[in-house]
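Me: I am new to this entry and would like to understand the reasoning behind the words used for it. Could we go through them one by one?

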Amino acid sequence: MLSPRQSSTRECTSLDGLWRFAFDPRAAGRAERWWTTGLPGNAEMPVPASFNDVLPSREARDHVGDVWYQRTVRVPRGWDGQRIVLRFDAATHRATVWVGDAQVVEHEGGYTPFEADVTQHVRAGEEARVTVVVNNELSWTSIPPGYVQELDDGRRVQQYFHDFFNYAGLHRSVWLHTTPRVHVSDVTVTTTGIDDTNGVVAYEAVVEDREDHEVQVTVRDAGGAEVARGAGHDGTLRIDDVELWRPGAGYLYTLEIEVRGPGGELVDVYPQPFGVRTVAVDGHRFLINGEPFHFRGFGKHEDFPVHGRGRDLAVMVHDFELLKWIGANSFRTSHYPYDEAVLDYADRHGVVVIDETAAVGINLDTGTPILSPGEALTTYGEATISARTREVHRQAIRELVARDKNHPCVVVWSIANEPDTVPAEARAYFEPLVAETRRLDPTRPVGFANFMKATPERDVVSDLFDVLLLNRYFGWYVQTGDLEAAERALETELRQWAQRGKPIIMTEYGADTQAGLHSVTSEPWSEEFQTDFLDMYHRVFDRIDAVVGEQIWNFADFATRAGISRVDGNKKGVFTRDRRPKAAAHALRRRWRGGA
Ligand code: GCB
């Protein structure tokens, strides 16, 4: 799905700001048709933001069920005759939208965009009422999964198997924008070849209602100069003296797609940024533009006080600057697709991204108290993770690839985090999903973040994937505090994985650390321990050629639900939740930047 962009034929207005808001735990609003009557009460809620921590109450934080957002928007007078689109960058985890009294769209999945053509429901120059019901429940057929527990006292509690708070609401921007009736509705740009001086890219543009219309494309360099041109809705273009997109130097071109009518008149223009770069796996090596790449960075979260997972450009830029400060060159969008502004920024600044779906917690055998459901359930089964779940997961992959395929920063699709890949059923579950990801995008390696219990002897799916993404906690969840034993265990297992002949990227390793806690004997939870723990992992990585990436868990401390192993959230950050460095941050900076 294309991002809304301005051009000489397209206009865009933001619907961000304060919206009317109401909690609706008993789903009264659907029965009472609140989209026709307005919302009860006088609460207001900022968009974008998670609603949970904005209002200081337990009910708000732990709300399970529907919440309603409503506002009016005046449609610009000049939009008469245009196709008008209402777009949500995300609604977590599902939403139904009305304009006036008419339902215009429904969407499942909390981290990918959706839109509705609302031309029939609004009039240029007049006001329109937009109402959205967002539901935050996780079920056995949602991605991520969970279930709602009904307590004896009538309360409903959301249970889930992932280690981050179930923030919800309108986390991302809402837009009203125009396109012409005949318009570009999709574009794919891929690099098909590069040599020392030239790049060849293939493009494909989809144009709606394009009878008698022609497509022309122009490639412009970063300064706006034309460097290639072509015609037709698909084709290949050669860029001489090409400037490649490289890690650390995110050079972007723009493919300008023009649709022209029968008389040659300009009907639509859509500018699509892209980078010229290749990605490949060759034995143990991970190659970007044919050169070995070593991932240095973190698993992150979209997480910050008060607004939860809400889009925040100040925090976003600060995080990127901290990545630069510490010498990181990459991160993983653990554990869901991030706001598109994050990927746009990474494209422009040459930061490498492992892009992950929201399929986290497909695992009822984690054995850690924070994640175990407390009931004896098996991961795969008719009543738990079933073929129906897999179809929702497949759709999540489709929406991720559709949104992010043109981002040069994205070099790996991670289709799940720590699923249960020990039982035989895991193979039947994952085989079609891997095939689907490759069908959708044959140009990028596919991986999933492997869970500690799925060792080389026990895991039944890793051979299906191109890269080995491993999450390991030797020295923390096992051999706690004993870094000597942990070092041996880590090295032994990594050497086993290395025999598979694929690149290994360590996508998680880390230790909870209370900022300000110090210890001469390097006790767990102290800043000294976190530094020693990471040093130990790095010694091992440096001894094994197959390890081509180190992404620490986590960039910053983050919110989780309450639990006996979480004190005000997960503390494995190298930065605190408000982005102050722990001692390990300085140690990492020395490793990753040397003297620089
Ligand atoms: C994991 C998960 C991550 C958790 C982390 C932890 O393996 O992938 O979501 O937060 O461990 O800290 O336990």
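Me: What makes up the secondary structure of the protein chain?

Reply: In this predicted model, the protein chain has 32 strands together with 10 helices.

Me: How do you know that the radius of gyration of the protein chain agrees with a compact globule?

Reply: A compact globule of 596 residues would have a radius of gyration near 25 Å, and because the protein chain has 24 Å, the value agrees with that expectation. The C-alpha atoms fill a box of roughly 75 × 70 × 45 Å along the principal axes, and 58% of the 596 residues count as buried.

Me: Why is Ser522 called buried or exposed?

Reply: Buried means under 20% relative accessible area, and Ser522 has 15%, so Ser522 counts as buried. Ser522 lies in the loop between β31 (504-508) and α9 (527-543), and has a positive phi of about 55° although it is not a glycine.

Me: And why is Val306 called buried or exposed?

Reply: Exposed means over 50%, and the relative accessible area of Val306 is 53%, therefore Val306 is exposed. Val306, found in the loop between β25 (295-299) and α4 (313-326), also has a positive phi, of about 70°, without being a glycine.

Me: Which peptide bond leading to a proline is cis, and what is its omega?

Reply: The bond from Ile143 to Pro144 is cis, with omega near 0°, and Pro144 sits in the loop between β9 (127-135) and β10 (146-150). The peptide bond from Thr92 to His93 is cis too, with omega near 5°, and His93 belongs to the loop between β5 (83-88) and β6 (94-99).

Notes. Residues numbered from 1 in each chain as written. Predicted model: local features only at pLDDT ≥ 70, side-chain atom pairs only at ≥ 80, totals over all residues. Heavy atoms only, no water. Helix = DSSP H or I, 4+ residues; strand = E, 2+ residues; numbered from the N terminus. Rg over C-alpha atoms; globule rule 2.2 N^0.38 Å. Buried < 20%, exposed > 50% of the residue type's maximum accessible area, 1.4 Å probe, protein only.
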